[in-house]
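Subject: Structure handover

Hello,

Here is the structure I promised to pass on. Please open it first, then read my notes below.

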Amino acid sequence: MRDRLAVDDLVTAYAVAVDDGDWPAYRDLFTPDGRADYRSAGGIEGDARRVAAWLAENLARFAVRQHLIVNRQVRFGVLEHDTGDTARVRADYLNPMRLSGAEGRAAPDLECGGRYDFGALRTPDGWRLSEVVVHEKWRRGPGAP
């Protein structure tokens, strides 16, 4: 149960770091070789440091960002014949965002939703993300199909 709560906290910390634009915290959530893949949402794939720089540049135009990550399914795996050293989390997300200078508008300027696939690894420093893959399913607002 402790590991499940720790992995859940890791996913929440991910959302908070992105929404707050705390890129050092974002990078610290990953293993040294951790990667993120935002290609389905029009982004990039790469190591956490590179992706954090891309997110910082591309999300700066949004004064408000809010991830709602729900329906979390956590599964623990096996690494080196020891149970519970890895975890996979599938979770749905809703992400409304407001452009800078759009304070008086009634609705978000951009909303998107989809599913995350998180890979996590138990490390000496606690649980860390080894992988984040975004599967955007829909988008409403600028750039929406």
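Asp85 is buried, because its relative accessible area is 13% and the limit for buried is under 20%. This is a predicted model, so please read every value here as computed from it. Asp85 has a charged partner. Its side chain meets that of Arg122 in a salt bridge, with N to O at 3.2 Å. Asp85 sits in strand 5 (residues 82-99) and Arg122 in strand 6 (residues 110-123), so the bridge ties together parts that are 37 residues apart in sequence. Arg122 is partly exposed, at 33% relative accessibility. In general, side chains of opposite charge can pair when their charged atoms come close.

A second bridge involves the strands just named. Asp117 and Arg90 meet through their side chains at 3.0 Å, N to O. Asp117 belongs to strand 6 and Arg90 to strand 5, and this pair links distant parts of the chain, 27 residues apart. Is Asp117 buried or exposed? Asp117 counts as buried, at 14% relative accessibility. Arg90 is partly exposed, with a relative accessible area of 39%.

Next comes Arg98. Arg98 forms a salt bridge with Asp109, and the closest N and O atoms are 3.8 Å apart. Arg98 lies in strand 5, while Asp109 lies in the loop between strand 5 and strand 6, so the pair ties together parts that are eleven residues apart in sequence. Arg98 is buried, with a relative accessible area of 15%. Asp109 is buried too, at 9%. As for networks, salt bridges that share partners join Asp3, Asp85 and Arg122 into one. The count of salt bridges comes to eleven.

Asp92 deserves its own paragraph. Asp92 is found in strand 5 and counts as buried, at 18% relative accessibility. Which side chains make polar contacts with the side chain of Asp92? One is that of Asn71, at 3.0 Å. Another is that of Arg115, at 2.9 Å. Leaving aside residues up to four places away in sequence, Asp92 touches Leu68, Ile69, Val70, Asn71, Gly114 and Arg115.

Now follow that contact to Asn71. Asn71 has its place in strand 4 (residues 68-79). Asn71 counts as exposed, at 53% relative accessibility, whereas its partner Asp92 is buried. The backbone of Asn71 also needs a look. Its phi is near 55°, a positive value in a residue other than glycine. Most residues other than glycine have a negative phi.

Two residues that Asp92 touches, Leu68 and Val70, turn up again on the surface. Together with Leu94 and Trp138 they make a nonpolar surface patch of about 310 Å². Trp138 is found in strand 7 (residues 126-140). Trp138 counts as partly exposed, at 34% relative accessibility.

Strand 7 also pairs with strand 1 (residues 30-37). Four bridges join the two, and they run parallel. One pair to find on screen is Ala36 with its bridge partner Val132 in strand 7. How do strand 1 and strand 2 (residues 45-47) run, parallel or antiparallel? They run antiparallel, joined by three bridges. Here Asp37 stands opposite Glu45 in strand 2.

Last, the overall picture. The protein has three helices and seven strands. Along the sequence, the pattern reads α-α-β-β-α-β-β-β-β-β. The protein has 145 residues, and 41% of them count as buried. Among contacts with a separation of 6 or more, 55% are between residues 24 or more positions apart. The accessible surface comes to about 8,100 Å², and carbon and sulfur atoms account for 50% of that.

If you have little time, here is where to look:

- Asp85 and Arg122, a salt bridge between strand 5 and strand 6.
- Asp92, a buried residue in strand 5, with polar contacts to Asn71 and Arg115.
- Asn71, with its positive phi.
- The nonpolar surface patch that includes Trp138.

Over to you.

Best wishes

Key: Residues numbered from 1 in each chain as written. Predicted model: local features only at pLDDT ≥ 70, side-chain atom pairs only at ≥ 80, totals over all residues. Heavy atoms only, no water. Salt bridge = Lys/Arg side-chain N within 4 Å of Asp/Glu carboxyl O. Buried < 20%, exposed > 50% of the residue type's maximum accessible area, 1.4 Å probe, protein only. Patch = residues over 30% accessible without salt bridge, like charges linked within 9 Å, V, L, I, M, F, W, Y side chains within 5 Å. Areas by Shrake-Rupley, 256 points an atom, 1.4 Å probe, with all protein chains shown as cover. Contact = heavy atoms within 4.5 Å. Polar contact = N/O pair within 3.5 Å; in protein donor to acceptor, adjacent residues only side chain to side chain. Pairing = 2+ DSSP bridges.
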